[in-house]
Amino acid sequence: MNTKNIMIVGVGGQGSLLASRILGAAAMNAGYDVKVSEVHGMSQRGGSVVTYVRYGESVASPVICEGEADVILSFEKLEAARWLPYLKIGGTIVTNVQQINPMPVIIGAASYPDEIVEKIKALCVDIIAEDAQAMAKEAGSEKAANVALIGLASHVLGFDRNVLRAAVEACVPAKAKEVNLRAFDKAQEKIG
Amino acid sequence: MKKIMLGNEAVARGLYEAGVHFISSYPGTPSTEITEFAAKYDEMYAEWAPNEKVAFEAAYGAAIGGGRAFCAMKHVGLNVAADPLFVSGYTGINGGFVIGVADDPGMHSSQNEQDSRHYAIAAKLPMVEPCDSRECKEFAAMAYEYSEKFDTPFILRLTTRVSHSSAPVELCERKNVPVRDYEKNIAKNVMMPANAKKRHVVVEEHLRQLTEFAYDCPFNKIEKNDTTLGIITAGNCYNYAKEVFGEGASYLKLGLVNPLSEKLIREFCRGLEQIIVIEELDSVIEDFVRKLGYDVVGKNVLPNIGEFSQDLLRKYLLGEEADSSMIADEIPPRPPVLCPGCPHRGTFYTLKKLGVTVYGDIGCYTLGAVAPLGAMDTTLCMGASISALHGFNKVRGEEGKSVAVIGDSTFMHSGMTGLVNIVYNGGFSTVLILDNSITGMTGHQENPLTGKTLKGDAAPYISLEDICAALGVAREHIRVVDPADMKLLETTIKEELESDVPSVIICRRPCALLKGVERKPALSVDTDKCRGCKSCMKIGCPAISMIETEKGKKAVVDPAMCVGCGLCESMCAFDAFVK
């Protein structure tokens, strides 16, 4: 198979590292070669963060470039728009509808674009936009929003459902396992 | 067994498998996790040192003592450790000694973009560079074997993408390597002119042997394909090149990046029609190949600034641009910011209000330079805040209008000597030590002031106040303030700016992200009381925004982000923030 490229984008502190570890584990357990690239340090402090997950028979580069992502998992709307050029033509964006204002917007030096999801749709891009926080809250904890997002994308990530679910189970902290699995299941049901 | 490992985790695994005994490091992105992961193995001693020079020398001492030793640092940390680095090749080692240094092309979390390969050349030391997690483990482990064989320290060079990318790694058992005997050897280990002159000859001989070794060593690899295009590369650039050229090129992948083998390169280049050298940052390999008389494609086409990617190679080498879509709106940038509840916020707001010149330093608090706070004039390197302020004040006489700002860990790293300089040379600058009880930016590492070691054991209490007093600052001018109390902080700073002796203000409040720090309930805004004056916006808290309501513009607090620190309450003249 060709290398599958998944990007996880969001705001530092939203839990994208855990999401990337879940996808990395799923890829390895499904028998693929995999590379995951993360961002640490200063950019994590509330900045725009991006994580790359690439899997396939043999993966060389650990990064994903413009026009290469099969799937973009976005924890925040503006980040979905920021990283849109990285989506492959025909790829899918799964985004949380949460809005977190960046500092230039907070201090009035810039404005937060309106109707981001609609504008992306208008470009004929396949986009799924849901309130992952709400789904996670329903499952028992807002902290499981990252896993809910994985559930929402489960049909385009290229993994067998059970492989993905087992990876969630293996990667989340033991005490949060049930909540996360509930969030995953609920999100997956929603997408069908 | 296979495990997905971060490059840095794989280096730690390599140390474990090589039977390493001793690790001493100072944290620095992107190198930090090597030592954190290494500390999880009970079989290895691991510690945080106050700075990279101390870490290097501790590891060097362990190696001379017969143990297998390691130290890790980021590229700028190697500048701090450069002094012992240059001489360590002269004495050689006893137990194997590997120095891990992580460069940061693209400056994800650094103040400059230096290429550490120059250090290997200048210090005449061998340097190996892995391209992924698998090689991180293998190269780290193998380096010990050759360090002992050639009686020289080895440098393991990493870059951000290698350190912070994960891939499956095959795990092996730990080798049981006993600590070697130690024998006193003045001629070899005491570097004074008479001995060093003889040892320089040995260094050159080692380099000659290593150059021979470079011809067929297990670190280098040639991949011959049926083509006349040859690519010479190293590290992660090899992966980018493979992504773009696949089997359409032959590859000389250099794992040993210093010294380079003329014989190996000549052999690889034989019969090739075009040679491309692909390396991030400076033209180190390219310069060597050009000197051999080959006309190559390299930095005449590729940039010497920033990080590479497959996309960048396609653009510069093949002229191909990616196909992508974008919405028409301008996307506002999202720079990193001080976290909600950050103890530094009140300090920088107060400094901005006072309009003083601020000599800054390296840490989370460098973000005090970002709008709307903008309360910083300079940031150079670890420790420079205090020493540079001294020079600034000596020429300008602005002791009453300027301060240095430095974190607790950075003060221990290299701030103390600057403070001594102020006291010794009759300066009377004011220094703010932002003591948030942890090394923050790199992700919460213990330091000599936190009372805990890297392994989690209790450490003796070291008092910041006592250190400053011992360095010569008068007790009554060592003030301790909670920066959340902005009024008291402001008066204290004003008082110390007016004094004509050196002073230290310790702004003490733990990092809001630390475990055990109480997270209070989120505040909310009483929209009847809020007048939309935007006073609260001056502190640059990411949890507060202004929104348009039917009653006009009002502040609003994001309950998911607010930690209830109450700084906004003290900004509001109308008591609009409520618990």
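# Exercises on the interface and fold of chain B

Across the interface of chain B and chain A, the rule finds 6 salt bridges; a salt bridge is a side-chain nitrogen of Lys or Arg within 4 Å of a carboxyl oxygen of Asp or Glu. The model is a predicted one, in which local features need pLDDT of at least 70 and side-chain atom pairs count only at pLDDT 80 or more, whereas totals for chains, interfaces and linings use all residues. Residues are numbered from 1 along each chain as its sequence is written, chains are lettered from A and ligands numbered from 1 in the order in which they are written, and side-chain values use heavy atoms, with hydrogens and water left out.

## Exercise 1: the extent of the interface

Determine how many residues of each chain are in contact and what area chain B and chain A bury between them.

Solution.
- Step 1. Contact, meaning heavy atoms within 4.5 Å, links 57 residues of chain B with 53 residues of chain A.
- Step 2. The two chains bury about 4500 Å² between them, and 62% of this is on carbon and sulfur atoms. Buried area is the accessible area (1.4 Å probe) that two parts lose on being put together, summed over both.
- Step 3. Of the area that chain B buries against chain A, 17% is supplied by I327(B), P332(B) and R334(B), more than by any other three residues.

## Exercise 2: polar and charged pairs across the interface

Identify the partners of K119(A) and R54(A) in salt bridges, and state which elements of chain B contribute to the side that touches chain A.

Solution.
- Step 1. K119(A) forms a salt bridge with D329(B), with the closest N and O atoms 2.9 Å apart.
- Step 2. R54(A) meets E243(B) in a salt bridge at 3.0 Å, N to O. This pair runs from strand β3 (residues 48-56) of chain A to helix α11 of chain B. Helices (H or I, at least four residues) and strands (E, at least two) are DSSP runs, numbered from the N terminus.
- Step 3. The count of residue pairs in polar contact between chain B and chain A, both at pLDDT 80 or more, is 17. A polar contact is a pair of N or O atoms within 3.5 Å; within protein, one must be able to donate a hydrogen and the other to accept it, and residues adjacent in sequence count only if both atoms are side-chain atoms.
- Step 4. On the chain B side, β1 (2-6), β8 (165-170), α11 (236-245), α14 (310-318) and β20 (544-549) each give two or more residues. The largest share, 5 residues, comes from α11(B).

## Exercise 3: strand pairing

Describe how β8(B) pairs with chain A, and give the strand order of the open sheet of 7 strands in chain B.

Solution.
- Step 1. Strands of a sheet pair through backbone hydrogen bonds, either parallel or antiparallel. Here, two strands pair if DSSP finds at least two bridges between them.
- Step 2. Strand β2 (residues 33-37) of chain A is joined to β8(B) by 2 bridges, and the two run antiparallel. V36(A) stands opposite S166(B).
- Step 3. The open sheet has the order β3-β2-β4-β5-β7-β6-β12 (chain B), with mixed pairing. Its edge strands are β3 (45-48) and β12 (256-258) of chain B, each pairing on one side only.
- Step 4. Strands β6 (residues 127-128) and β7 (residues 154-159) of chain B pair in the parallel sense over 2 bridges, and V128(B) stands opposite L156(B).

## Exercise 4: backbone features in loops

Locate the loops of chain B that hold P30(B), P372(B) and H444(B), and describe the backbone there.

Solution.
- Step 1. A cis peptide bond with omega about 10 degrees joins T29(B) and P30(B). P30(B) lies in the loop between β2 (22-25) and α2 (32-38) of chain B.
- Step 2. A cis peptide bond also joins A371(B) and P372(B), with omega about 5 degrees. The loop that holds P372(B) is between β14 (357-359) and α16 (384-396) of chain B.
- Step 3. H444(B), a residue other than glycine, has a positive phi near 70 degrees. H444(B) is in the loop between β16 (430-435) and α18 (464-470) of chain B.
- Step 4. T450(B) is likewise in the loop between β16 and α18 of chain B. Leaving aside neighbours within four places in sequence, T450(B) is in contact with S437(B) and I438(B).
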